[in-house]
Amino acid sequence: MEEQVKHAIQDEYPEEFAWCYGCGRMNEHGHHFRTGWQGEKTVTIYTPRPEHIAIPGFVYGGLIASLIDCHGTGSAALALHRKNGHEPGDGETPPRFVTASLKVEFVKPTPHGGPLKAVGTVEEIHPKKWKVDTEVFADGELCARGEVVAVVMPKTFGQK
């Protein structure tokens with residue numbers, strides 16, 4: 001049985017902020033990445049679709065970068081939500097983050113055909129800025145690593 005995230009932060013985002021192609025539950029064509037806690041680490045598990053190939057048998061690097069990106073912003077939201085005394089599912093709206101920077105290192109070709117597991121370590125570097133170091137595994141093997149610096153989305157974001 002494939003490991004799953006039970007209480008994902010993305011499930012708690014208000015509808016108007018849940019349209020991201022990577023992690024937005026409202027985007028019917030998106031990936032629907034879901035990020036939750038696993039002890040003191042964050043985790044996102046995602047099985048690439050058949051079209052997510054670079055060459056037959058291997059995952060497209062852009063998908064891996066998207067996974068690291070959304071895992072990073074979701075992890076930052078989880079961490080600040082917890083710092084504020086909340087957890088996904090408790091009825092409180094979590095903060096929403098946007099990416100300030102994204103760095104990706106491809107360690108080895110990522111095999112296609114099974115789930116990918118992104119595991120994150122979160123560090124607060126400013127009250128509104130968080131850094132998330134992420135490792136992506138396929139079949140227990142490290143395939144990529146990345147760093148996301150995420151900032152709290154301004155409350156006026158998207159307003160005209």
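1. Start with Phe-97. Beyond its neighbours within four places in sequence, Phe-97 is in contact with Thr-73, Ala-76, Ala-77, Leu-80, Lys-128, Trp-130, Ala-150, Val-151, Val-152 and Met-153. The model is predicted, so read these contacts as features of a prediction. Phe-97 sits in strand S3, which covers residues 97–106. Its relative accessible area is 1%, so Phe-97 is buried. One distance for orientation: 17 Å separates the C-alpha atoms of Phe-97 and Trp-37, which are 60 residues apart along the chain.

2. Overall fold. The protein chain has 1 helix and 6 strands. Read from the N terminus, the order of elements is β-β-α-β-β-β-β. The radius of gyration is 15 Å, close to the 15 Å from the globule rule for 160 residues, so the chain is as compact as a globular protein of that length. Along the principal axes, the C-alpha atoms fill a box of roughly 45 × 30 × 30 Å.

3. Packing and contact order. Of the 160 residues in the protein chain, 41% are buried. Take the contacts with a separation of 6 or more: 62% of them come from residues 24 or more positions apart.

4. Aromatic pairing. How many aromatic pairs does the structure hold? The count is 1. The partners are Phe-33 and Tyr-46, set edge-to-face, with 4.8 Å centre to centre and 85° between the planes. The pair links distant parts of the chain, 13 residues apart: Phe-33 is in the segment before strand S1 (35–38), and Tyr-46 is in strand S2 (residues 41–46). Both partners fall under the 20% cut-off for buried residues. Phe-33 has a relative accessible area of 1%. For Tyr-46 the relative accessibility is 8%.

5. A charge over a ring. Check Arg-82 against Trp-37. The charged end of Arg-82 sits over the Trp-37 ring, 3.9 Å from the ring centre. Trp-37 is also the residue used for the distance to Phe-97 in point 1.

6. Cysteines. Why is there no disulfide at Cys-70? The closest cysteine sulfur, in Cys-20, is 3.7 Å from the sulfur of Cys-70, and a disulfide needs the two sulfurs within 2.5 Å, so the gap is too far for a bond. Cys-143 is in no disulfide either; its nearest cysteine sulfur, that of Cys-70, is 19 Å away. The total is 0 disulfides. Cys-70 is buried at 5% relative accessibility. Cys-143 is buried too, at 0%.

7. Annotated region. UniProt, in an unreviewed entry, places the feature "domain: Thioesterase" at residues 57–141. The annotation may be inferred rather than shown by experiment. In the model, the chain over residues 57–141 is 27% helix and 38% strand. The end C-alpha atoms of that stretch are 15 Å apart.

8. An exposed position. Is Glu-16 buried or exposed? Its relative accessibility is 56%, and exposed means over 50%, so Glu-16 counts as exposed. Glu-16 lies in the segment before S1. Its C-alpha atom and that of Pro-94 are separated by 13 Å, with the two positions 78 residues apart along the chain.

Key. Residues are numbered from 1 along each chain as its sequence is written. This is a predicted model: local features need pLDDT of at least 70, side-chain atom pairs count only at pLDDT 80 or more; totals for chains, interfaces and linings use all residues. Side-chain values use heavy atoms; hydrogens and water are left out. Rings of Phe, Tyr and Trp (its six-membered ring) pair if their centres lie within 6.5 Å; planes under 30 degrees apart count as stacked, over 60 as edge-to-face and the rest as tilted. Helices (H or I, at least four residues) and strands (E, at least two) are DSSP runs, numbered from the N terminus. Buried means under 20% relative accessible area, exposed over 50%, partly exposed in between (1.4 Å probe, protein chains only). A charge sits over a ring if NZ of Lys or CZ of Arg is within 6 Å of the ring centre and within 35 degrees of the ring normal. The radius of gyration is taken over C-alpha atoms; the globule rule is 2.2 Å times the number of residues to the power 0.38. Contact means heavy atoms within 4.5 Å.
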